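Biologist: Could you show me how to read helices in a structure? I would like to start with one helix and then look at a pair.

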Amino acid sequence: MNGIKEKVITGYQDRFGHPPNMLSRAPGRVNLIGEHTDYNLGFVLPMAMDRAVWVAFSPRSDRTCQLVSLNFDGEQYIGLDAPDQNGPSWGKYAQGVAWALEQKGLELNGFDAVIGSDIPVGSGLSSSAALEVALILAFLAIAKVEMSCMEMAALGQQAEREWVGVNCGIMDQAISVCAQPGQAMLLDCRSLKRTMVPLPRDCRIVVMDTEHPRSLAESAYNNRRASCESAANKLGKESLRDVLAEELESNQSLLTKVEYMRARHVITENNRTLEAVKALSSGNQKLFGRLMNHSHESLKMDYEVSGEALDRMVGIAKNAPGCLGARMTGAGFGGCAVALVKADTVEQFNHEVTSKYYGEGVKDAPIYTCEPSQGAAWKYLPE
């Protein structure tokens, strides 16, 4: 049995004195390419990780949720009749998804739950979106209501934007719900069209945590989004998705230097993402790796969301055995890097990165070889 799955089931039994009735799971994600393009209505290429948030839960007879986290201290009591934005941040996500569901017209019932996760928190691997999705599934399971994967993703996004205060795109929630094993997902963030893209079997996706945590709500994320919206407005477009590279260059004088840099990243990153899908589809792994490298440089120089730790990690990874390409992943300002590595060199690659970044003799370095996993689901547990 999965370690976290077993822990939440046991933790529920210990805390509430009886087995849980139901279990939900929602994976974290690693974005392979297409960074900071989602809220610009562009293209992204994420995959779901084989790390997830698990929730063991049972319905209550009232409209209160008693939530216990195995990863954080304390318990949260969520009153569905009296929404409250105070309390620890993980409790805000629970209250936010309840609020979003009731805004949609659902009348929710309370539940008792134990929550656990093996997704590194604050590392840019979407632990918050996974939590939102796992809790949405719990509420829907108890209410006996079904929704499409993109309906659930939109509710998670609404909770994060309007309740938690992070003006995020829809990518993280979408891949957590809609993912398929062995595949990445090209998402058009305007039309919400999804195209599954098989990943090469002779390569592995390796995620490397810089151990420099980041907090999205406290970062410059919202400032980057505002610069993009301002640039699009000055160029007379709905979003930067509609701006061609030549249009940007010919109208550079309309923008501030910062707006021009931010727009250049978004426009070129959209092009790189579509090229990356073609590269994967044609088996051109080397080109895919080069596009990852170019993406990191753009995020570093034009979008300015990298940093010393991420740049150092990416530099080490690019020069390690079997690496075809590497880049930061997630919103930046710390967190993780991702690399495409030949399968038969993963052990050598991990050793090289561990020794040069974390230090000789370090064991259990936070390096994760990821299998593209199934999206979120819930089920009844046997009595």
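Modeller: Happy to! This is a predicted model. Let's start where a helix ends: helix 2 is followed by Gly105, whose phi is positive, near 105°.

Biologist: How many residues does helix 2 have, and what span does it reach from its first C-alpha to its last?

Modeller: A helix is expected to rise by 1.5 Å a residue. Helix 2 covers residues 89–103, which makes 15 residues, and its end-to-end C-alpha reach of 21 Å is close to the expected 21 Å.

Biologist: Which residues of helix 2 are buried?

Modeller: Buried means under 20% relative accessible area. In helix 2 the buried residues include Trp90, Tyr93, Val97, Trp99 and Leu101. Because 11 of its 15 residues are buried, helix 2 is largely enclosed by the rest of the structure.

Biologist: What do the buried residues of helix 2 pack against?

Modeller: They pack against three strands, namely strand 3 (64–69), strand 4 (75–79) and strand 5 (111–117), and against helix 3 (127–143) and helix 4 (149–164).

Biologist: Now the pair. At what angle do helix 9 and helix 10 pack?

Modeller: Angles over 145 degrees count as roughly antiparallel. Helix 9 (residues 285–301) and helix 10 (residues 308–318) pack at about 160°, with their axes 12 Å apart. The two helices are therefore roughly antiparallel to each other, and helix 9 passes helix 10 in a left-handed crossing.

Biologist: Which residues meet there?

Modeller: From helix 9 come Asn293, His296 and Lys300, and they meet Leu310, Asp311, Val314 and Lys318 in helix 10. By class, this contact has two nonpolar, two polar and three charged residues.

How values were computed. Residues are numbered from 1 along each chain as its sequence is written. This is a predicted model: local features need pLDDT of at least 70, side-chain atom pairs count only at pLDDT 80 or more; totals for chains, interfaces and linings use all residues. Side-chain values use heavy atoms; hydrogens and water are left out. Axes are lines fitted to C-alpha atoms, for helices over the stretch in contact, and angles run from 0 to 180 degrees between N-to-C directions. Helices (H or I, at least four residues) and strands (E, at least two) are DSSP runs, numbered from the N terminus. Angles under 35 degrees count as roughly parallel, over 145 as roughly antiparallel, 65 to 115 as roughly perpendicular and the rest as oblique. A crossing is left-handed if the near helix is turned anticlockwise from the far one by less than a right angle, and right-handed if clockwise. Contact means heavy atoms within 4.5 Å. Ala, Val, Leu, Ile, Met, Phe, Trp, Tyr, Cys and Pro count as nonpolar, Asp, Glu, Lys and Arg as charged, and the others, Gly among them, as polar. The expected span of a helix is 1.5 Å times one less than its number of residues. Buried means under 20% relative accessible area, exposed over 50%, partly exposed in between (1.4 Å probe, protein chains only).
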